[in-house]
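I opened this notebook to record what I looked up about pockets, cores and a few single residues. The model itself comes before the entries.

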Amino acid sequence: MILYHGSNLTVSEPKLVAQNRFLDFGYGFYTTTNKVQAIGFADKVTKRRKEGIPTVSIYEIDEMKAFKECSVLRFDEPNEEWLDFVSENRAGNYSGKQYDFIYGPVANDDVYTTFTLYASGVLTKEQTLEALKVKKLYNQLVLTSAKALSYLKFCGTVPEEEF
C-alpha cells in the first residue's frame, strides 16, 4: 500500500508528535492513500504554519503484515460507530481502547459544518449520518504507536510539478 503525508516539510522519519488540537482519530501520524488529498493538506498546513513549502512525503507499507501483527480499528464507511469515535476524539473525550492503526473516512473541512451542527445538538445522529452520505469523504490511515510507525518505509516526495 502506498501512503501519503502532507506537510510543510519532508517527513522521512515519522514520529508521534503531541498535537495542540483534537483530530478525527486522536493522537497519531496521519496518512492517506489519496495523493490529491495529501497535496491539499500540505497546502493548508503550510499556510497555517506560515513557513516551509507544501510537501507530500510518500511511504510504502506491507499492510497485510502490519495489520496482522498490530491492533487495527477500521471504519469502512461513515457509520454510527465512526461518528461516535470521531466526535469523542474531536471533543478530546475518547477514553476507549488504543489501537496501533486506525483507518476510515476523513471528517475534512467539507463536513466540518455538519459535525459542528451535530456537536451542538442541532442535528441528530441520524440526520448527521444522512448528510455525510452525500459528501465525498476521503480516507485516512493513522499510525498511533511506535510499533505501527516501524512498518512505514519512506520512498521520497511528490514532485513539485504535481502540486
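The entries below go from the pockets to the cores and then to single residues.

Entry 1, ground rules. I am working on a predicted model, in which local features need pLDDT of at least 70 and side-chain atom pairs count only at pLDDT 80 or more, while totals for chains, interfaces and linings use all residues. Residues are numbered from 1 along each chain as its sequence is written, and side-chain values use heavy atoms, with hydrogens and water left out.

Entry 2, largest pocket. I looked up its volume and found about 1300 Å³. A pocket here is an open set of points on a 1 Å grid over the protein atoms alone, where a 1.4 Å probe fits, with protein on both sides within 12 Å along at least five of seven lines, and lining residues have an atom within 4 Å of a point. The volume is the space filled by probe spheres set on the points, which are joined across faces, edges and corners. Of the 47 lining residues, Arg 21, Leu 23, Tyr 30, Phe 41 and Arg 48 are the closest to the centre. I then asked which element supplies the largest share of this lining. H1 does, with nine residues; strand E1 (2-7), strand E2 (29-31), helix H1 (35-49), helix H3 (80-90) and helix H4 (109-119) each give at least two. Helices (H or I, at least four residues) and strands (E, at least two) are DSSP runs, numbered from the N terminus. The lining divides into 22 nonpolar, 15 polar and 10 charged residues, where Ala, Val, Leu, Ile, Met, Phe, Trp, Tyr, Cys and Pro count as nonpolar, Asp, Glu, Lys and Arg as charged, and the others, Gly among them, as polar.

Entry 3, second largest pocket. I noted a volume of about 150 Å³ and a lining that includes Phe 25, Phe 85, Tyr 94 and Ile 102. By class, that lining has six nonpolar, four polar and one charged residues.

Entry 4, cores. The largest nonpolar core (buried Ala, Val, Leu, Ile, Met, Phe, Trp, Tyr and Cys residues joined through side-chain atoms within 4.5 Å) has 18 residues, and Phe 25, Phe 75, Trp 82, Ile 102 and Phe 115 have the most contacts inside it. H3, H4 and helix H5 (125-133) each give two or more residues to this core, with H3 giving the most, four. A second, separate core of 15 residues includes Phe 29, Tyr 59, Tyr 103 and Tyr 151.

Entry 5, H5. I found Lys 125, Thr 128, Leu 129 and Leu 132 buried, buried being under 20% relative accessible area, exposed over 50% and partly exposed in between (1.4 Å probe, protein chains only). Seen down the axis of H5, these buried residues fall within an arc of 95°, so they line one face of the helix; the arc is that of the directions from the helix axis to the C-beta atoms. Exposed Glu 126 and Lys 133 sit on the face turned away from the buried side.

Entry 6, single residues. Pro 105, in strand E5 (residues 101-105), is buried at a relative accessible area of 7%, and its C-alpha atom is separated by 7.1 Å from that of Phe 75, 30 residues apart along the chain. Lys 50, in the loop between H1 and strand E3 (55-60), is exposed at 74% and has a positive phi of about 55° although it is not a glycine.
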